[in-house]
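Subject: Structure for you to look at

Hi,

Here is the structure I promised to pass on. Have a look at it first, and then read my notes below.

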Amino acid sequence: MAKHGLGKDGYNVKELVGTPEREVCLKSGNCAATPLIQPDDIALSHQGYHILGTSHEVIPTLQFSVIAARRVWASQNKDALVRFARAMGEAFKFMADPVNRDEVISIAAKATGASSDVTGEIYKLYYQPDSGVMPKHAEISMPGMSEVIRILGDAGQIPKPVQAARRFVDLQYLTSAGMQ
């Protein structure tokens with residue numbers, strides 16, 4: 001928020017879990033600002049609210065999303081997991097291809113219930129230009145995972161000292177699928 005001219009002083013922080021609760025707080029005037037997810041942040045900007053910043057402005061290397069599995073299950077289902085990784089890789093490749101832009105926006109609008117205008121802005125945010133937030137082919141950013149693990153440690157969600165990202169990530173399945 002400092003990047004956009006807001007200092008650290010003069011704010012009270014209240015913990016609200018989930019975008020719906022935070023959106024209600026913002027709209028009621030009980031919160032001056034709150035973190036939101038897409039498409040809600042962009043939809044609210046269309047209603048006159050201002051986006052004060054995005055997570056990838058603050059931490060550009062953040063691993064945005066991960067699909068996780070228990071190690072025991074993964075080792076017992078390696079073939080299925082490798083096929084799944086390949087399918088995810090092809091999906092990410094499809095989304096990133098500018099030729100598929102309109103179809104991706106349409107699919108996202110149907111999946112989220114957001115308008116095509118809103119999902120188009122999300123597409124622009126991630127892909128025009130490529131912000132590096134979304135994988136190009138289902139790969140995992142180890143620097144991005146290190147940031148996630150550091151944040152989890154700082155928030156008290158995992159014990160300190162924080163372990164290296166490699167402790168939490170097994171790349172053999174992505175490597176076998178040709179994605180890493």
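Among contacts between residues at least 6 apart in sequence, what share joins residues at least 24 apart? For this protein the figure is 58%. Keep in mind as you read on that this is a predicted model.

**The overall picture**

The protein has nine helices and zero strands, so written along the sequence the pattern is simply α-α-α-α-α-α-α-α-α. The C-alpha trace spans about 50 × 45 × 25 Å along its principal axes. Of the 180 residues, 28% are buried. The exposed surface comes to about 11,900 Å², and carbon and sulfur atoms supply 56% of that.

**Helix H1 and its two sides**

I spent a good part of my time on H1, which covers residues 19–28. Which of its residues are buried? They are Thr19, Arg22, Glu23, Cys25 and Leu26. These residues sit on the same side of H1, because the arc they cover around the axis is only 160°. In general, an α-helix has 3.6 residues a turn, so residues three or four places apart point the same way. The face turned away from the buried side of H1 carries the exposed residues Pro20 and Val24. Helix H2 (40–45) is included in what covers the buried residues of H1. Just after H1 comes Gly29, with a positive phi of about 90°.

**Glu23**

Glu23 deserves its own paragraph. This residue lies in helix H1 and has a relative accessible area of 17%, which means that it counts as buried, the cut-off being under 20%. What does Glu23 touch once its neighbours within four places in sequence are left aside? The contacts are Leu36, Asp40 and Leu44. The side chain of Glu23 also forms a salt bridge with that of Lys27, at 3.2 Å from N to O. The two residues are four apart in H1, so about one helical turn separates them. Lys27 is partly exposed, at 43% relative accessibility, whereas Glu23 is buried.

**The disulfide**

There is one disulfide in the structure. Which cysteines form it? Cys25 and Cys31 do, with their sulfur atoms 1.9 Å apart. The link between Cys25 and Cys31 is right-handed, with 80° about the S-S bond. Cys25 is buried at a relative accessible area of 7%, and Cys31 is buried as well, at 11%. Cys25 is also one of the buried residues of H1 listed above.

**The other salt bridges**

How many salt bridges does the count give? It comes to five. Besides the bridge in H1, here are two others to look at:

- Asp102 and Arg101 meet through their side chains at 3.1 Å, N to O. Asp102 is exposed, with 57% relative accessibility, while Arg101 is partly exposed at 24%.
- Asp154 and Lys160 meet through their side chains at 3.2 Å, N to O. Asp154 is partly exposed, at 48%, and Lys160 is exposed, at 56%.

The bridge of Asp154 and Lys160 does not stand alone: a network of salt bridges links Glu147, Arg150, Asp154 and Lys160.

**An aromatic pair in H7**

A search of the whole structure turned up one aromatic pair. Tyr123 and Tyr127 form this pair, which is tilted, with 4.8 Å from centre to centre and 40° between the planes. Where do the two tyrosines lie? Both are in helix H7 (residues 116–127), four residues apart, or about one turn of the helix. Are they buried or exposed? Tyr123 is buried at 5% relative accessibility, and Tyr127 is buried at 13%.

**Where to start**

If you open the model with only a few minutes to spare, my suggestion is to begin with H1. There you can see the buried residues on the same side of the helix, the salt bridge of Glu23 and Lys27, and Cys25, which forms the disulfide with Cys31. After that, go to H7 for Tyr123 and Tyr127, and then to the network that includes Asp154 and Lys160.

Cheers

Terms used:
Residues numbered from 1 in each chain as written. Predicted model: local features only at pLDDT ≥ 70, side-chain atom pairs only at ≥ 80, totals over all residues. Heavy atoms only, no water. Salt bridge = Lys/Arg side-chain N within 4 Å of Asp/Glu carboxyl O. Buried < 20%, exposed > 50% of the residue type's maximum accessible area, 1.4 Å probe, protein only. Disulfide = S-S within 2.5 Å. Contact = heavy atoms within 4.5 Å. Phe/Tyr/Trp six-rings, centres within 6.5 Å; stacked < 30°, edge-to-face > 60°. Arc of directions from axis to C-beta. Areas by Shrake-Rupley, 256 points an atom, 1.4 Å probe, with all protein chains shown as cover.
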